[in-house]
Every structure is written in structure tokens, then in C-alpha cells.
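User: Please take a close look at one sheet in this model and at the helices packed on it. I would also like to know how that part sits within the rest of the protein.

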Amino acid sequence: MGSVINVLRPRRRPGWPVIVALTLVLTGSTATAWGATRVLSSRDHLQQAATLIRQLHSQLRQVDPAAAQTLAQLQGETRAARADGNDPIWQAGTHLPAAGDDLAAIRTVTTAMDDLARHGLPAFVATAGLLGTGAILPTSGRADLASLKHAAPRLAEADTAVRRVAESVDAIAVDGLTAPVRTAVVGLQAELHRAARTAGLAAKTAQLLPSMLGVDGPRTHLVLLQNLAEVRATGGMPGAFIVLRADRGKITISDQGTASGLGEFAAPVLALAPAERDLYTDKPAIFPADINLTPHFPTTGALAREMYRRRSGVTVDGVFATDPVALSYVLAALGPVPVPGGEPLTAATAVSLLLSRIYADGVSPKRQDDYFAAAARATFQALVSRPLRPSTLLGALAKAAGERRLLVWSTRPDENAILADTVLAGVLPASDGVDPTVGVFLNDGSGSKLGYYLTHRVELAVTPACRSDGRRELSLRVTLGSTAPESGLSPSVLGLGLAGHPYTLRTVIALYSPTGGSIGTLQLDRVERPFGSGRDRRRAVGVVTVDLQPGSERTLDVTMLTGVPRGGYGGTVTPRLRTTPGVAPWPKLVVSGTGCSTTR
């Protein structure tokens, strides 16, 4: 529940204070022309609502019963602000040539916020006590699935309400607004998109977990632990794995192992789609360490399931993936975890220990594998046995999911359908619509563990030019760097040295265009470079290899074209980025573009 509650937290960027700012803009400009009473009243109600939002957020995190009373007060304030916006004088003002668009936009916002307070937030208040008690967390290895099933319908209602609110604010034509109002509305749209994603994730998690945890009978799940020191498109090489058995909420470890322990296969275990074979060869279907060369996690999940079935004789019901950075977020909620025969895991040390120090000189591969296995088992035991604050733990999991560090694939089509449009699915949208999505996915080309030293940042912008064919041009800049030392690393880190010099960090970058789009030019350090190309699920893919010497940094500049969404680009175009999770989150800069009319 804590992840959902985070939606209510006031931010430095636009959120509830945006609404107050919108009202202040009008108070200072147009209100005197037609009477400021309603505008000032709306401003006062929304200022009070902002205070109540902060109070409600704190109460929900603390599972304070007074949250219900605060919600009632909040609803009173948003109802009053909405009534001001519906006043005939206000409505008449929406037709004014100078201020009408601004007034109409604010009226839409006050209506949307009242809908959120009346139809979206009550479900969070109603389920906070249920979820906040820890009922859904395992106690002595068992989760209370009945409580989770009870919460699911209310969270589904909240999800629907939040999405409707977001859609109503998205419908505001921002191009006709004055600059301060336009900026504020665009910021609020972004806030509501985040709220909708979080509410959707909470609702779908509550819907899926009971079945995945065996409410209707035993389920078995293969959990891949991705090693970010050897980069793969979905995060890192699947190093270790554990197999969890869930039966009516009771969760146990039934098996553990490593990708290397599965061995390679003489022939592909499953047939890859032709487009995937063209881009990634048959390696993902032959080598367990390469199953996630593709960024499409359902493919990875199916391959992992089949490989494990062939080696163990056990057919799992689903595949999960996570990494040491996600583990560090969970450890912040769990506290230190002792590991038999090795150093304890803490939130501060887990990443460096599991991705770097474990490979120091003198630590044999067997000792490394033994420590990974012991660490996984000890963390699991702590997770199912320690008393925890659910809001803290779920907040950590939501953070990891938002960074694409938690991925889920099920063998059941109905469950995958629920996952399909969430970050948990590990897929790019089947169709982008008016928000073009670009993917930047990395794979190690060194055969080493130098990925621990890989740095990255990315910028994506819609160019100002409008094309006659209705497509939009995007400019993408990807900057990679290496902080590796020039000497002193162990053979375990340097690995195969496929880049030639053992300290050269080689990275293969796959650039995915928007659906129906194309890739134009590519420059590496301002010099145009040829690149490999292909297509994958309606997206053009460009592939280029970048070598990094210790301490160096290199920059890719790429141009792309979008497809043409149905109806064209009529408003602001805000592109989206999907990237391979790294040791640290990617610094990202995304620049929107104004709308263009489709001209043929």
C-alpha cells in the first residue's frame, strides 16, 4: 500500500500545488474583469486541500484511523472548489477570448480532482488498515490470501477512477493556454500518469498475487537473479536462481542453482521468432546465460522455463527476475541479513558486495556460487519471518518495479493479459499511440564483469520541425562511460576479454524506434557510423558496438522517426524511454514537442 500512498505525497514539481498555482495565475490577470469571488474561493479551497493531502499521506503510512476523517474533510474542499468552477459566472468566463481557455482548463482540473477525492482515494483509505497490518506479508512463511482478495476489488475501483481522472486532464488542449497555465497543466498530467501507473500496479498486484501464491492449488516459480556486472538487455546475466513453491499462501524454497549449472544445449530449446533470431542469433535459446539478450521478457521467461524443465524435470508456472539493486531496496526495509559462511548483507553494501567484491582475488567460482546461494536463502527467510512495516517494504518493491528491476511472466494467458500494460511485464507497448516509446537496451560484449563500472545517461527530444507526412522526428543521445581502473582487477572480473584489451568494456547497444517508426542516422562521437539493423514487433532496431577504455566516455547521437498514430499528433508529444536497468539508475532528460497537424 505504501507504493500507492506515495502518489499522494506532494512533490517539488507540479502536483496539488499546481492547481493552486493555476488559480493564482487567473487571480492576478483576468479575475478583476469578471469578478474574483469564485476564483479566490476556489484558490482557498484548493490550498486547504493541499494541506489535507499532506496530512492524509502521513496518516495512511502510519495506518492512522483518523485518515477517514481527513479524507472527508478533503472531499469537502474539492467539492467546494468544483462548485466554484461550475458557477455560471465562471462558466461564462470560459467563453472570453483572452482568458476563456485558461478558465476552462482550471474548471476541468477542479472537477478531476474532486472525482479523485471522491472515487479514487477512498479505496486507499479503506484498504490501508487491511494492508497496513501486515496481513498480506508472510507470517511463518504463509501469506493471508483472503485479506488480499478482499482488497483487490476496492483497488480495482481506485485504478479505474484514477485512470479516468488522468484521461480527463489529458484531454485539455494545452496549446491554447497561456504559458504559466500550460506548464502547470502539463506538469499535472505527468503527475496523474504516475498516479495511474501506481494505482494500476497496486490493483493488478492484488488481483494476481492470490493465484500466484497458490490460493487455488500449488504454484511453482523460477526466480532469476540478474548479475548487473555482466549486462543483458533486461538487466544482467541470469547468474543464480531459486525455485519457490507456493501453496495456499505458504512459500518455501524447493530448489536453487546457477545458470552455468544448467549447461548449454545442443540445439535451441524453443524456436525464436525470425526477427529475434536475426537480431540475437540462436544464443538465447541455447545458452542459459544469454536468455535475456532480448529485452522482451516473455521470451526470456519461456526460455528459462523450458531450460529448467529439461534439466530438472520440473515445469514451473511462472518466471520472475530481479537484481542486487532491487535487493538493496528491500534490505532497507528488512535490515541487515546474516549470511552463513560470509559477510552479512545490508542495504548499503549489497550492491558492491554482490557485483564487485565477491569477485576479488582468491574467491573461487565455487565459493562465489556458494555465497550467492546462501545469501538468497537467508534473504528469503528474513523476508517471510521478520515483522515488517508493509508500507516500507511495498514502497521498496514499487521503486524496484518502476526501474524495471522486477519482471514477471506467467504460463497462464489470463495472468499475462493482466500484466501486459504494467512495468512488471518487461515489454514495450504493442502500439505507442501519441506517446512514442524508444528503447535503449545494452548487452555485454566483453565476456567480463566490467559492467559494474559502466555509467550511462540518455536524452530524448521531439525536434521542433513538423513533417508533411505526419510523422515526428526524435533526437536521441546516449552517453556511456567506464569508471574501471587501468589495473588490479581479478581474472574473475576481466573474464574472457573479448574486446581485445582486458580492461576494455565492450557494450552492444540495441536502439528500438517507436512502433511503425524508423532509425535515421547514427553518430558515435560526432562521426557517422554504420549500424546493424532489424525489426522487432513493429519497431525498427539499430545495433551498434561501443568500446570504452578505463576512464573514457563516448556519445551516440541518433535520429529516429515515429509512425503516424491514428488521428495524427494533435497535441503535445511526450516521448517515453525504456532502458536496461544498471548498477545506478539512468539520468534521463525527456523533452516534449508541440503538436503538429497531419498533412498529406
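Analyst: What follows describes one five-stranded sheet, its helices and loops, and then its surroundings.

The model is predicted. It has 19 helices and 16 strands. The part chosen here is an open sheet of five strands with mixed pairing, in the order β3-β2-β1-β4-β5. Its edges are β3 (250-258) and β5 (407-410); each has a single partner strand, so one side of each is left without a neighbour in the sheet. From one strand to the next, the twist averages 25 degrees.

Within this sheet, β1 (residues 219-232) and β2 (residues 235-247) run antiparallel and are joined by 11 bridges. One position in that pairing can be given by residue: V223 has I242 in β2 as its bridge partner. The loop between β2 and β3 contains R248. The phi of R248 is positive, near 55 degrees, in a residue other than glycine.

A second arginine with positive phi is found by the edge strand β5. R404 lies in the loop between α17 (390-402) and β5, and its phi is about 65 degrees although R404 is not a glycine. The relative accessibility of R404 is 10%; the cut-off for buried is under 20%, so R404 counts as buried.

Two helices that lie across the sheet can be described next. Helix α13 lies across β1, β2, β3, β4 (318-322) and β5, and runs at about 65 degrees to β5. Helix α16 lies across β1, β2 and β3, and runs at about 170 degrees to β3.

The length of α13 can be checked. The helix covers residues 297-312, which is 16 residues; at 1.5 Å a residue these should span 22 Å, and the end C-alpha atoms are 22 Å apart, so the two values agree. Buried residues in α13 are F297, T299, T300, G301, L303, A304, E306, M307 and Y308. After α13 comes G313, with a positive phi near 80 degrees.

Helix α16 (residues 365-385) also leads to the packing of the wider protein. The largest nonpolar core has 57 residues, and α16 supplies five of them, the largest share. The members that touch the most other members of this core are L345, V440, L476, V478, I509, L511 and L556. Leaving aside residues up to four places away in sequence, L511 touches G439, V440, L476, V478, I519, L522, A540, V541, G542, V558 and M560. Another core lies apart from the largest one and has 39 residues, including L74, A117, A151 and A196.

There is also another open sheet to set beside the one described above. Its five strands come in the order β12-β13-β9-β6-β15, and the pairing is mixed. Here β12 (532-536) and β15 (576-579) are the edge strands, each pairing on one side only. With direction ignored, neighbouring strands of this sheet are turned against each other by 25 degrees on average. Strand β6 (residues 437-444) pairs with β15 in the parallel sense over four bridges, and T437 stands opposite R576 in β15.

Some totals complete the setting. The protein has 600 residues, and 53% of them count as buried. Of the contacts between residues at least 6 apart in sequence, 72% join residues at least 24 apart. The accessible surface comes to about 24,700 Å², and carbon and sulfur atoms account for 55% of it.

How values were computed. Residues are numbered from 1 along each chain as its sequence is written. This is a predicted model: local features need pLDDT of at least 70, side-chain atom pairs count only at pLDDT 80 or more; totals for chains, interfaces and linings use all residues. Side-chain values use heavy atoms; hydrogens and water are left out. A nonpolar core is a set of buried Ala, Val, Leu, Ile, Met, Phe, Trp, Tyr and Cys residues joined through side-chain atoms within 4.5 Å. Buried means under 20% relative accessible area, exposed over 50%, partly exposed in between (1.4 Å probe, protein chains only). Helices (H or I, at least four residues) and strands (E, at least two) are DSSP runs, numbered from the N terminus. Contact means heavy atoms within 4.5 Å. The expected span of a helix is 1.5 Å times one less than its number of residues. Two strands pair if DSSP finds at least two bridges between them. Axes are lines fitted to C-alpha atoms, for helices over the stretch in contact, and angles run from 0 to 180 degrees between N-to-C directions. Accessible areas come from the Shrake-Rupley method with a 1.4 Å probe; for residues, only the protein chains shown count as cover.
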